[in-house]
Amino acid sequence: MLRREARLRREYLYRKAREEAQRSAQERKERLRRALEENRLIPTELRREALALQGSLEFDDAGGEGVISHMDDEYRWAGVEDPKVMITTSRDPSSRLKMFAKELKLVFPGAQRMNRGRHEVGALVRACKANGVTDLLVVHEHRGTPVGLIVSHLPFGPTAYFTLCNVVMRHDIPDLGTMSEAKPHLITHGFSSRLGKRVSDILRYLFPVPKDDSHRVITFANQDDYISFRWVHRPCPRCSHPVYPVLLAIDPQLFPPRHHVYKKTDHRNVELTEVGPRFELKLYMIRLGTLEQEATADVEWRWHPYTNTAHKRVFLSTD
């Protein structure tokens with residue numbers, strides 16, 4: 001079993017490396033084609049291979065872009081079979097972290113929660129693979145406050161590492177009813193870059209396909225690389241933080257919560273009811289392997305917060 005798993009992993013990495021080389025060549029040919037069509041100077045870095053690229057452009061057919069990719073291989077059963085999500089915590093969790101893990105279990109339909117105990121990460125991943133689990137979620141804390149979320153897609157990856165910010169649990173929100181367990185409709189907003197689409201796929205494939213008559217809605221809204229699972233944001237005029245989350249005491253019909261259910265009061269009006277919990281996600285790394293391969297898996301993307309232009313750049317959106 002271990003030999004087969006290692007062989008499948010090597011085949012997957014080989015296909016991804018081939019695809020990355022083909023994508024890079026396609027980008028160079030596309031840049032050359034645009035320069036020729038617009039009658040501009042050929043970019044300096046393409047001048048040495050311009051003749052070879054122009055010759056290969058004649059054999060490219062239109063309409064074949066994005067037919068197959070490693071993401072199609074990772075999520076090849078997405079939409080065909082419901083995902084099977086397993087949620088666990090770091091070792092020796094506090095009562096609030098256990099409470100947050102239980103609330104996350106209700107967010108993802110069909111998810112299961114597992115007590116961490118003394119199990120190692122490798123044993124957890126092997127058990128999840130043996131039982132057909134598609135995604136393993138691990139929640140971390142600091143002094144009782146959830147601060148980290150790891151989403152590892154099985155069996156080959158990717159593994160996304162998020163920072164949790166501004167967590168407000170359902171228990172802390174007054175006058176909340178029971179949470180609907182219906183399969184939710186998903187809304188993703190602000191994921192326009194290539195990395196943003198990658199993160200959007202990682203998050204939305206955690207949810208099964210909903211029914212048409214489902215009244216439960218979940219929104220992942222990106223603003224300045226903070227993925228909001230709470231109420232709307234507005235920039236803070238007094239501090240340098242890129243996004244200052246404020247719970248606006250305004251009409252929820254104009255600014256709906258990110259996780260809510262709705263019902264029609266009449267033929268024209270719709271009433272929204274917040275479900276909770278509230279939190280924000282900040283992506284800081286994506287690895288190509290699973291969780292137990294942290295020391296050996298390649299890093300697909302990593303946030304570098306200490307560069308001179310880090311506070312000016314956004315990665316999940318092109319706006």
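These are my notebook entries on one predicted model, taken element by element.

**Entry 1: the chain as a whole**

I started with the secondary structure and counted six helices and 14 strands in the chain. The chain has 319 residues, and buried residues make up 41% of them. I then looked up the accessible surface, which comes to about 19,100 Å². Carbon and sulfur atoms account for 52% of that surface. For contacts, I took pairs of residues at least 6 apart in sequence; 68% of these join residues at least 24 apart.

**Entry 2: strand β1**

I went next to β1, which covers residues 85-89. Five of its five residues are buried, so β1 is largely enclosed by the rest of the structure. I checked which way the side chains go. V85, I87 and T89 point one way, while M86 and T88 point the other way. Both sets are buried.

Which strands pair with β1? I found β3 in the parallel sense, over five bridges. One position I noted there is V85, whose bridge partner in β3 is D135. I also found strand β2, residues 112-113, which runs parallel to β1 and is joined to it by two bridges. In β2, R113 is the bridge partner of I87. Between strands I traced helix α4: β1, α4 and β2 make a right-handed β-α-β unit.

**Entry 3: the nonpolar cores**

I looked up the largest nonpolar core and found 39 residues in it. The residues with the most contacts inside this core are F108, L149, F162, V199, I227 and L283. Helix α4, residues 95-107, gives the largest share of the core, with five residues.

I followed F108 further. Setting aside its neighbours within four places in sequence, I found F108 in contact with I87, L137, L206 and F207. Of these, I87 is already in my notes as a buried residue of β1.

There is also a second, separate core, made of eleven residues. C128, V133, L136 and L154 are among them.

**Entry 4: helix α5**

Helix α5 runs over residues 121-130, and I noted G122, L124, V125 and C128 as buried. How are these buried residues placed around the helix axis? Seen down the axis of α5, they fall within an arc of 160°, so they line one face of the helix. As a reminder to myself, an α-helix has 3.6 residues a turn, so residues three or four places apart point the same way.

I then turned to the other face. The side of α5 turned away from the buried residues carries R126 and A130, which are exposed. What covers the buried side includes β1 and β3, the latter being residues 135-142. C128 belongs to this buried set, and C128 is also part of the second core. Just after α5, I noted that G132 takes a positive phi of about 75°.

**Entry 5: helix α6 and S200**

My last stop was helix α6, residues 194-204, which holds S200. Is S200 buried or exposed? At 8% relative accessibility, S200 counts as buried, because the cut-off for buried is under 20%. Not counting residues up to four places away in sequence, S200 touches T188 and F191.

I looked at the rest of the helix as well. α6 is mostly covered, with eight of its eleven residues buried. These are L195, G196, R198, V199, S200, D201, I202 and L203. One of them, V199, is also listed among the residues with the most contacts in the largest core.

Note on methods:
Residues are numbered from 1 along each chain as its sequence is written. This is a predicted model: local features need pLDDT of at least 70, side-chain atom pairs count only at pLDDT 80 or more; totals for chains, interfaces and linings use all residues. Side-chain values use heavy atoms; hydrogens and water are left out. Buried means under 20% relative accessible area, exposed over 50%, partly exposed in between (1.4 Å probe, protein chains only). Helices (H or I, at least four residues) and strands (E, at least two) are DSSP runs, numbered from the N terminus. The arc is that of the directions from the helix axis to the C-beta atoms. Contact means heavy atoms within 4.5 Å. A nonpolar core is a set of buried Ala, Val, Leu, Ile, Met, Phe, Trp, Tyr and Cys residues joined through side-chain atoms within 4.5 Å. Accessible areas come from the Shrake-Rupley method with a 1.4 Å probe; for residues, only the protein chains shown count as cover. Two strands pair if DSSP finds at least two bridges between them. A crossover is right-handed if, with the strands pointing away from the viewer, the path from the first strand over the helix to the second runs clockwise.
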